[in-house]
Amino acid sequence: MLSRTADCLYWMARYTERAENTARMLDVNHQTSLLPQPAEFLEQSWKKLLTISKLETDFLSKYDVVNRENVLDFMIYETSNPSSIVSCLYAARENARVIRGKITSEVWETQNTTWLELQHILEARDQADPSRLLDWVKHRCHLFRGVMYGTMLKNEAFYFINIGTLLERADNTARILETKYEDQVSLKELKAQKAGDDNEDNGSFFDFYHWAALLRSVSAFEIYRQIYSDQVVPKQVAQLLIFNKQMPRSLVSCVNELIPLISEVKNQQSKEIERLLGKLKASMDYSDIDEVFSQGLEEFIESFLEKINHIADEFSTAYLIPLASN
């Protein structure tokens with residue numbers, strides 16, 4: 001397969017997954033922002049979403065105030081932001097257009113229809129309800145994957161699409177977990193400063209909805225209830241999203257699914273990728289949630305992000321167009 005073709009397949013998948021995960025991060029922030037909480041925390045929560053996406057500088061060059069309305073506008077509609085939902089869906093559609101001969105007509109029509117429907121949404125953006133729009137984005141991305149699995153041959157094109165999806169998913173699941181865990185810690189510290197321990201009951205009430213919103217953002221609330229059958233607590237949420245091999249969006253599931261896919265597209269340069277993935281898999285297989293919290297959840301996630309993004313860089317070097325700007 002030509003590097004140009006592989007590049008388009010890979011980035012079509014990554015941009016589609018990125019649009020979905022951006023919608024997921026925005027949705028959980030939007031939902032939790034509707035709960036009663038200190039104004040300082042609200043601003044900090046939206047600012048942290050920009051920081052974790054490495055977009056704070058770009059945002060501040062266009063907006064004076066960090067608030068819900070401005071961040072939603074920047075992360076959904078702003079075309080100068082390469083990670084906005086509009087930019088991602090456009091890039092996914094353009095990559096699909098270039099390699100129409102390598103995907104089925106159903107996959108192409110799904111991507112193209114998503115872009116055309118988005119144009120109608122953009123015409124009425126002032127009246128758009130953020131929650132409904134973000135749900136629509138998630139639905140269209142689900143539809144893309146369903147059509148891909150239902151119509152494409154299990155060949156190299158299929159493998160490159162799945163590799164792109166899983167690398168992006170692992171990165172974004174880690175970022176969502178890190179962002180919301182930091183928010184929860186920050187809120188507890190802020191409440192402790194303002195009211196000591198008098199607000200403990202209200203804090204517990206907010207914690208439930210905070211973590212429940214996080215689980216819903218990765219389609220895991222019902223899964224959590226099936227597995228744990230008790231109250232939502234941070235350690236069990238982290239265990240589900242990091243170590244549960246049956247959870248589709250967990251970190252370990254993404255790593256486990258990547259290993260056989262890399263074997264399917266093996267070449268002379270892929271040995272290092274297999275080594276890095278094997279090493280990452282081993283470190284997760286022989287770790288547990290107690291060790292993660294002992295080390296520090298933030299430190300664990302930062303280490304995971306560094307490793308998975310290094311694997312993505314090695315994959316780009318081995319298979320894709322050199323110095324791709326995606």
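Reader: Which residues does glutamate 274 touch, not counting residues up to four places away in sequence?

Author: This is a predicted model, so keep that in mind as we go. Glutamate 274 sits in helix α13, which covers residues 271–285. Leave out residues up to four places away in sequence, and the residues that glutamate 274 touches are Ile262, Ser263 and Lys266.

Reader: Is glutamate 274 buried, partly exposed or exposed?

Author: Buried would need a relative accessible area under 20%, and exposed would need one over 50%. Glutamate 274 has a relative accessible area of 28%, so it counts as partly exposed.

Reader: How far apart in space are glutamate 274 and isoleucine 311?

Author: Along the sequence, glutamate 274 and isoleucine 311 are 37 residues apart. To get their separation in space, go from C-alpha to C-alpha, and you find 9.0 Å.

Reader: Okay, on to helix α10. Which residues of α10 are buried, and why are they on the same side?

Author: Helix α10 runs over residues 221–228, and its buried residues are Phe221, Tyr224 and Tyr228. They cover an arc of only 55° around the axis, and that puts them on the same side of α10. Turn to the other side of α10, and you meet two exposed residues, Glu222 and Gln226. So the buried ones on the same side, to name them again, are Phe221, Tyr224 and Tyr228.

Reader: And what phi does serine 229 take?

Author: Serine 229 comes just after α10. Its phi is positive, at about 55°.

Reader: What about empty space? Which helices each supply at least two residues of the lining of the largest cavity?

Author: The structure holds three cavities of 30 Å³ or more, and about 40 Å³ of space lies in the largest cavity. Its lining is made up of Thr16, Leu89, Thr110, Gln111, Thr114, Arg140, Cys141 and Phe144. By class, that's three nonpolar, four polar and one charged. The helices that each supply at least two of these lining residues are α6 (105–123) and α7 (130–151).

Reader: Last one: which helix gives the most to the lining of the second largest pocket?

Author: The second largest pocket has a volume of about 250 Å³. It is lined by 13 residues, with Glu69, Leu72, Tyr77, Arg125 and Pro130 lying nearest its centre; the lining divides into six nonpolar, one polar and six charged. Both α4 (68–76) and α7 supply at least two lining residues each. With five residues, the helix that gives the most is α4.

Definitions and conventions. Residues are numbered from 1 along each chain as its sequence is written. This is a predicted model: local features need pLDDT of at least 70, side-chain atom pairs count only at pLDDT 80 or more; totals for chains, interfaces and linings use all residues. Side-chain values use heavy atoms; hydrogens and water are left out. On a 1 Å grid over the protein atoms alone, a cavity is a set of points where a 1.4 Å probe fits but cannot get out, and a pocket is an open set with protein on both sides within 12 Å along at least five of seven lines; lining residues have an atom within 4 Å of a point. Grid points are joined across faces, edges and corners, and a volume is the space filled by probe spheres set on the points. Helices (H or I, at least four residues) and strands (E, at least two) are DSSP runs, numbered from the N terminus. Ala, Val, Leu, Ile, Met, Phe, Trp, Tyr, Cys and Pro count as nonpolar, Asp, Glu, Lys and Arg as charged, and the others, Gly among them, as polar. Buried means under 20% relative accessible area, exposed over 50%, partly exposed in between (1.4 Å probe, protein chains only). The arc is that of the directions from the helix axis to the C-beta atoms. Contact means heavy atoms within 4.5 Å.
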